[in-house]
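Colleague: Could you take me through one part of this model in some detail? I would like to hear about the ligand and what is around it, and then a word on the cysteines.

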Amino acid sequence: MKAIAINASPKMDKGNTAAILKPFLEGIREAGAEVEIFYTSKMKINQCQGDLACWFKTPGKCSQRDDMDIFLPKLAKAEIWIFATPVYVDGMTGPLKNMIDRILPLVTPFVELRDGHSRHPIRESTIPGKIILVSSCGLWEVDNFDPLLNHIKAICRNVKREFAGALLRPHCPAFKSMADKGEPVNDIFEAAREAGTQLIREGLMSSQSLATISRILLSLDMYEQFRNRRAQEALSAMGNK
Ligand SMILES: Cc1cc2nc3c(=O)[nH]c(=O)nc-3n(C[C@H](O)[C@H](O)[C@H](O)COP(=O)(O)O)c2cc1C
């Protein structure tokens with residue numbers, strides 16, 4: 001089984017998203033699947049030009065020559081797509097959206113009904129599979145992922161892929177601070193690893209593993225105080241009020 005992971009954080013391996021993605025991918029590999037990871041920050045992916053050349057002029061092939069030339073055929077042949085992104089203003093990061101817009105060559109210009117909804121058929125060269133979201137955010141509540149989650153689920157319906165779940169880590173500044181200080185957050189990394197092995201061995205991730213990854217680390221009141229203290233310290237360190 002092949003998985004493709006896309007890390008769309010500008011912080012790449014040093015980010016909060018990667019802190020969850022890394023053990024998740026280790027679990028996937030441990031269970032015997034092959035994983036290839038890509039970083040949007042290292043790739044040249046232009047914006048879709050909207051000319052629909054990939055539908056009518058050169059069916060299945062984009063008119064632009066950039067890193068999508070290598071990436072898209074890999075995506076078409078992978079059973080598992082993992083989109084890893086921080087929440088930026090209630091959604092995925094821009095480079096990931098650019099990349100996803102460029103998957104249009106995988107579908108045809110025709111329309112079919114799927115579950116009573118008009119959809120574009122998937123080209124035969126693209127194998128069916130799953131999509132998993134890995135995300136982190138700065139604010140306290142897990143509902144900060146809702147707009148992104150809904151978007152990813154809509155993408156799954158659009159490209160006829162199964163939504164196989166999401167690894168979501170809220171209040172990341174506190175999470176990072178606790179992890180750096182060696183405070184007890186290892187269960188979160190362990191749950192991410194388990195989610196990876198479960199996905200490959202059982203075809204789905206347990207709700208318990210996903211709940212552990214998202215678990216509350218401190219009260220909302222404490223988080224407000226923690227963030228405001230941190231913000232003041234950072235401003236002062238820069239000579240600002
Ligand atoms: C431009 C920008 C926009 C952000 N928007 C949100 C947001 O809408 N909601 C939220 O909870 N966190 C938001 N954050 C915080 C990030 O989601 C959070 O720090 C995340 O863990 C960063 O992941 P990374 O370290 O992998 O890049 C934003 C951060 C940046 C830089």
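Modeller: Happy to; here is a walk around the ligand, followed by the cysteines. Please keep in mind that this is a predicted model.

Let's begin with the site itself. The ligand occupies the space of the largest pocket. Around the ligand are 15 residues, and S9, N16, T17, V87 and S136 are the closest. Sorted by class, this shell holds seven nonpolar residues, six polar ones and two charged ones.

Now for the polar contacts, which involve oxygen atoms of the ligand. S136 contributes through its side chain: a polar atom there is 2.7 Å from a ligand oxygen. With N16 the backbone is involved, as one of its N or O atoms lies 2.8 Å from an oxygen atom of the ligand. L139 also uses its backbone, where a polar atom is 2.9 Å from a ligand oxygen. As for cover, the ligand on its own has 650 Å² of accessible area, and the protein covers 72% of that.

On to the cysteines. A disulfide is a covalent bond between the sulfur atoms of two cysteines. Searching the whole structure turns up zero of them. Why does C48 have no such bond? The closest cysteine sulfur to that of C48 belongs to C54 and is 6.7 Å away, so it is too far for a bond. For C62, the closest cysteine sulfur is in C54 at 6.1 Å, which is again too far for a bond; the cut-off for a disulfide is 2.5 Å. As to their surroundings, C48 is partly exposed, with 31% relative accessible area, while C62 is buried at 18%.

Methods
Residues numbered from 1 in each chain as written. Predicted model: local features only at pLDDT ≥ 70, side-chain atom pairs only at ≥ 80, totals over all residues. Heavy atoms only, no water. Near = heavy atom within 4 Å. Polar contact = N/O pair within 3.5 Å; in protein donor to acceptor, adjacent residues only side chain to side chain. Areas by Shrake-Rupley, 256 points an atom, 1.4 Å probe, with all protein chains shown as cover. 1 Å grid on protein atoms, 1.4 Å probe; cavity = no way out; pocket = protein on both sides within 12 Å on 5 of 7 lines; lining within 4 Å. Sits in = over half its atoms within 2 Å of the grid points. Nonpolar A, V, L, I, M, F, W, Y, C, P; charged D, E, K, R; others polar. Buried < 20%, exposed > 50% of the residue type's maximum accessible area, 1.4 Å probe, protein only.
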